[in-house]
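Got the model open in your viewer? Here is a walk through it, one selection at a time.

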Amino acid sequence: MKSQISLLFAILVVVTCFSCQKKDDMNPAGMDGTYEFAFQNETNELWMVYSYIFHPNGDLEITLTARENPQGEDLGYVLSNKGFYYLDGEEFSQSLQEYFIWYSEDPEELFGPKDGLGMLEDAEESIERGTLVSQNGGQEIIITFPCKATYEACIGDRVFSKVD
């Protein structure tokens, strides 16, 4: 009887250990690559490019860079955020934990080298939930987050094109 109870307890421990899965361990549905969304800054006529860099293990990096044209070389970085993502069907969530931004006392220096970005030390984790829809055979994705009262304006759908 004691051996049956011990065996039952061992099975319970094994099942518990393998059934609990952290978000970091979940398969994020095979997203892999870099997707970009570009818009032109009317003040200085530079192109600002948001890049979502998805890794198959769930890691995510979001950068904002400046360019002379949407497909050109990066002139410099405005920000870089790091965290992870999860995708279940079209339900998308991103959790950002590390924030790096460009700061210069010269108001004309709007961007700089990536290794010149400074980490925001006291920033809290940001979790956003929305949708991600793939189209054109995965060459484009549409990311949508619901409007929140804390945002000054609702952005709506953003269509990102795969570049890598």
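Before we click on anything, one yardstick: buried means under 20% relative accessible area, exposed means over 50%, and partly exposed is in between, with a 1.4 Å probe and protein chains only. Keep in mind that this is a predicted model, where local features need pLDDT of at least 70, side-chain atom pairs count only at pLDDT 80 or more, and totals for chains, interfaces and linings use all residues. Residues are numbered from 1 along each chain as its sequence is written, and side-chain values use heavy atoms, with hydrogens and water left out.

**Whole chain**

Start by colouring by pLDDT, the predictor's confidence in each residue, from 0 to 100. The mean for the chain is 82, and 79% of its residues reach 70 or more. Now select residues 1-28: here the pLDDT is below 50, and the stretch has 15 contacts in the model beyond near neighbours in sequence. (A contact means heavy atoms within 4.5 Å.)

Switch to cartoon. The chain has one helix and nine strands, and from the N terminus on the order is α-β-β-β-β-β-β-β-β-β. Helices (H or I, at least four residues) and strands (E, at least two) are DSSP runs, numbered from the N terminus. Of the 164 residues, 32% count as buried.

**Strand 5 and its partners**

Select strand 5, residues 91-101, along with strand 4, residues 76-88: these two pair antiparallel over ten bridges. Pairing here takes at least two bridges found by DSSP between the strands. For a landmark, pick Tyr 85, whose bridge partner in strand 5 is Gln 94. The hairpin of strand 4 and strand 5 has two residues between the strands, and Gly 89 there takes a positive phi near 65°.

Next add strand 7, residues 126-135, which runs antiparallel to strand 5 and is joined to it by six bridges. Phe 92 has Gly 130 as its bridge partner in strand 7. Then bring in strand 6, residues 118-119: two bridges join this antiparallel strand to strand 5, and Ile 101 stands opposite Gly 118.

**Ile 127**

While strand 7 is on screen, click Ile 127, which is found in that strand. Is Ile 127 buried, exposed or partly exposed? Its relative accessible area is 36%, so Ile 127 is partly exposed. Put a distance label between the C-alpha atoms of Ile 127 and Leu 96: these are 31 residues apart along the chain but separated by 6.5 Å. Not counting residues up to four places away in sequence, Ile 127 touches Gln 94, Ser 95 and Lys 148.

**On to strands 8 and 9**

Follow strand 7 into strand 8, with which it pairs antiparallel over five bridges. Thr 131 is matched with Thr 144 in strand 8. Four residues lie between strand 7 and strand 8 in their hairpin, and Asn 136 in the turn has a positive phi of about 55°. Asn 136 is exposed, because its relative accessible area is 54%.

Why is strand 8 largely enclosed by the rest of the structure? Four of its five residues are buried. On to strand 9: strand 8 pairs with strand 9 in the antiparallel sense over four bridges, and Ile 142 stands opposite Val 159.

**The core**

Show side chains for Met 31, Tyr 52, Phe 54, Phe 92, Leu 132 and Ile 141, the residues with the most contacts inside the largest nonpolar core, which has 22 residues. Such a core is a set of buried Ala, Val, Leu, Ile, Met, Phe, Trp, Tyr and Cys residues joined through side-chain atoms within 4.5 Å. Strand 2 (47-54), strand 3 (59-67), strand 4, strand 5 and strand 8 (140-144) each supply at least two of its residues. Zoom in on Phe 54: leaving aside neighbours within four places in sequence, its contacts include Met 31, Tyr 85, Phe 92, Leu 132 and Ile 141.

**Last stop: Glu 45**

Finish in the loop between strand 1 and strand 2, where you will find Glu 45. Phi of Glu 45 is near 65°, a positive value in a residue other than glycine. At 58% relative accessibility, Glu 45 counts as exposed.
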